[in-house]
Structure formats: C-alpha cells, structure tokens
Amino acid sequence: MSVILEPENWVTDHSDYLYGYAVMRIYNKEDVLDLIQETFFVALKAKESFKGESTERTWLTAILKRKIIDYYRNKASNSTPDNKSGFFIESGRKQGHWKTDRIPGNMSFENDQIEKKEFQAILNNCLSLLPPSWAATFTLRSIEDLTTEEICKELNISSSNLWTMLHRAKLQLRECMQLKWFGKRKIN
Amino acid sequence: MSNRKNKVSVLLGSILASCEESTFLLSKRPHEKLRLKETVKVKIHLLTCHACRSFVKQMNFLLKGINKLKKEDNLFQLSPEEKSQIQQNLRDELKK
C-alpha cells in the first residue's frame, strides 16, 4: 500500500503541524512563514522522488527539517565564540566565579505553574535574543536532537567551539528565562 | 617548598573547578558523556556551590519543558489569512 501525494490538501492537512514544528525551532515569525511556504514548494518539485514509504506528513516534515538546518547553516557557518562570556570574573583571586550581578537566582521554576503556550512564548522570546550562532547550537542540539558530529559538519565548526557556544547559549537562556519569569510575576 | 606548593595546587586544580568550568561541563553533560575526571570535578563543585546547583536545576527544568513542548501538536496555529496566502501561493505554483 503506497501513499499518494495530494498537494491540493497540503495546507489544510499539514500546515498547522508544520507550523508548530517550525515555531519551536525558528524564533522569527516571518522566517517561519517563509520556511513553511518553501517547504511546500520544494515538496512540489520533489514530488516524483516520493516513494510512498512514509506518510505525507513525515515526508513534508523531513523537508522542513532540512530547511531548518540550512537556515542555521546560513546564519552560523564558521562562527567562533568571543573570548569572554561576560558571566564570570575574568581575573584575580576570584577568577572563574560568577559575577555578582549574574549569579543564578535562588528561585526554582518548578513551583510555578505555567501554561505550555506561555512557556513556549517566553522561551521563544529568549531564544530570539541569542546571537544566531548560539541559538543555532542550542536549537540543533537540544531541540532538533542532531548529534555533535552532525552539527559540527553542518555549521563547519569544531566541537570545542560547539561546546563553548552551547555553554554561552545556556547561560544566557537561563538568565533570560529568570528575568522574564520574574518580570511577569511582578506585574501580576 | 615552592615546588611542593606547586604540586599541591596542580593536584587541587585537577579536582577543583571554577564556576565557569563547572557550568561549561554541566552544559555539555546532557549531550555527551563526561570523562571520569570531569564528572568528579563537577560533583565536588556542586557540593559546595549553591549558584551552580541553581544553574543545573533551572537548566534541567527548561530542557524538560522543551521536551514536553515537543510532544505538543497543536499549540500554535496559523491564522486563516496566513493559511489562505500559503494556499494561494501553492496553487499558483501548481499551475506553473
């Protein structure tokens, strides 16, 4: 039994799903819309190569996934991290300690109930504030689940640069989540 | 004497890590197996450092949240206008 492609119904059947997938990985709404559109165009061109071995949705998602990797490759190829993260004391006896104004807060996120949608919105906002190459490493590793080797190959970076950028990404992401989370609570 | 002092600091350096080094290793830990020496360093550091314990806890919470989000299918939807625009463009492309 093989699956037949129905491009006429793609938007109705799959666009929301593809949109949800892309929103988790690309943090600029315009770019997300462009990628969805391009995914359908590419799929149309590649129609003949569809062998009916997977569902239409799986096939379209694979194309979108490839588009997302290309998106980050364009933004983050050959990038190197700056010398300093800005989070830690740079010299003297306390070198390598947290700077006092950047120490992680005591709060535990866990006690806060939060709607998934709200969580996603804060997360996306924070990820959109990262330098593109940091966002690339975090997204491809922690969300897209590419392997270290795959990311290094796609972005043409060394694994040590990958780990440094991922470190920076996580430092900044955690700090941002704390600020936005706290900020919100104060308003309420 | 100073030679001995050096040896002590080298020895301490191999088991004590700064917050910077610890959070670096902690960022790597969910993705790649750390070396034994690195694991020991991180464990010792976390015993004594409250700030890095917070870092790890909050980071783990975030990653867990992300994994939950990944299982959601329908959290966000395109607006009807966006959909019809995409549909229209696709139709135009189909006609070509």
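Here are some notes on this predicted model, with chain A and its interface with chain B as the focus.

1. Ground rules. The model is predicted, so local features need pLDDT of at least 70 and side-chain atom pairs count only at pLDDT 80 or more, while totals for chains, interfaces and linings use all residues. Residues are numbered from 1 along each chain as its sequence is written, chains are lettered from A and ligands numbered from 1 in the order in which they are written, and side-chain values use heavy atoms, with hydrogens and water left out.

2. Chain A overall. You'll find seven helices and zero strands in chain A, where helices are DSSP runs of H or I with at least four residues, strands are E runs of at least two, and numbering goes from the N terminus. Along the sequence the pattern reads α-α-α-α-α-α-α. Taken along the principal axes, the C-alpha atoms of chain A fill a box of roughly 70 × 45 × 30 Å.

3. α1 against α3 in chain A. Helix α1 (residues 10-23) and helix α3 (residues 56-76) of chain A pack at about 40°, their axes 10 Å apart. Axes here are lines fitted to C-alpha atoms, for helices over the stretch in contact, and angles run from 0 to 180 degrees between N-to-C directions. α1(A) and α3(A) are therefore oblique to each other (under 35 degrees counts as roughly parallel, over 145 as roughly antiparallel, 65 to 115 as roughly perpendicular, and the rest as oblique). The crossing of α1(A) and α3(A) is right-handed, meaning that the near helix is turned clockwise from the far one by less than a right angle; anticlockwise would be left-handed.

4. Who touches whom there. On the α1(A) side, the residues in contact (heavy atoms within 4.5 Å) include Trp10(A), Tyr17(A) and Leu18(A). Among their partners in α3(A) are Trp59(A), Leu60(A) and Ile68(A). By class, this contact of α1(A) with α3(A) has nine nonpolar, two polar and four charged residues. For the classes, Ala, Val, Leu, Ile, Met, Phe, Trp, Tyr, Cys and Pro are nonpolar, Asp, Glu, Lys and Arg are charged, and the others, Gly among them, are polar.

5. α5 against α6 in chain A. The axes of helix α5 (residues 132-143) and helix α6 (residues 148-155) of chain A come within 10 Å and cross at roughly 145°, in a right-handed crossing. From α5(A) come Ala136(A), Leu140(A) and Arg141(A), and from α6(A) come Thr148(A), Ile151(A) and Leu155(A). That contact of α5(A) with α6(A) divides into four nonpolar, one polar and one charged residues.

6. The interface. Chain A puts 55 residues into the contact and chain B 43. About 4,700 Å² is buried between chain B and chain A, with carbon and sulfur atoms giving 68% of that area. Buried area is the accessible area (1.4 Å probe) that two parts lose on being put together, summed over both.

7. α1(A) works across the interface too. α1(A) and α5(B) pack at about 130°, with axes 10 Å apart, and are therefore oblique to each other. α1(A) passes α5(B) in a right-handed crossing. Trp10(A), Val11(A), Thr12(A), Ser15(A) and Asp16(A) meet Lys83(B), Ile86(B), Gln87(B) and Leu90(B). The split for α1(A) with α5(B) is four nonpolar, three polar and two charged residues.

8. Salt bridges. With a side-chain nitrogen of Lys or Arg within 4 Å of a carboxyl oxygen of Asp or Glu as the rule, the count is 15 over all chains, and five cross the interface of chain B and chain A. Glu82(B) pairs with Lys29(A), closest N and O atoms 2.8 Å apart. Glu82(B) lies in helix α5 (residues 80-95) of chain B and Lys29(A) in helix α2 (residues 29-45) of chain A, so the pair joins two chains. Arg91(B) forms a salt bridge with Glu8(A) at 3.7 Å between the closest N and O atoms.
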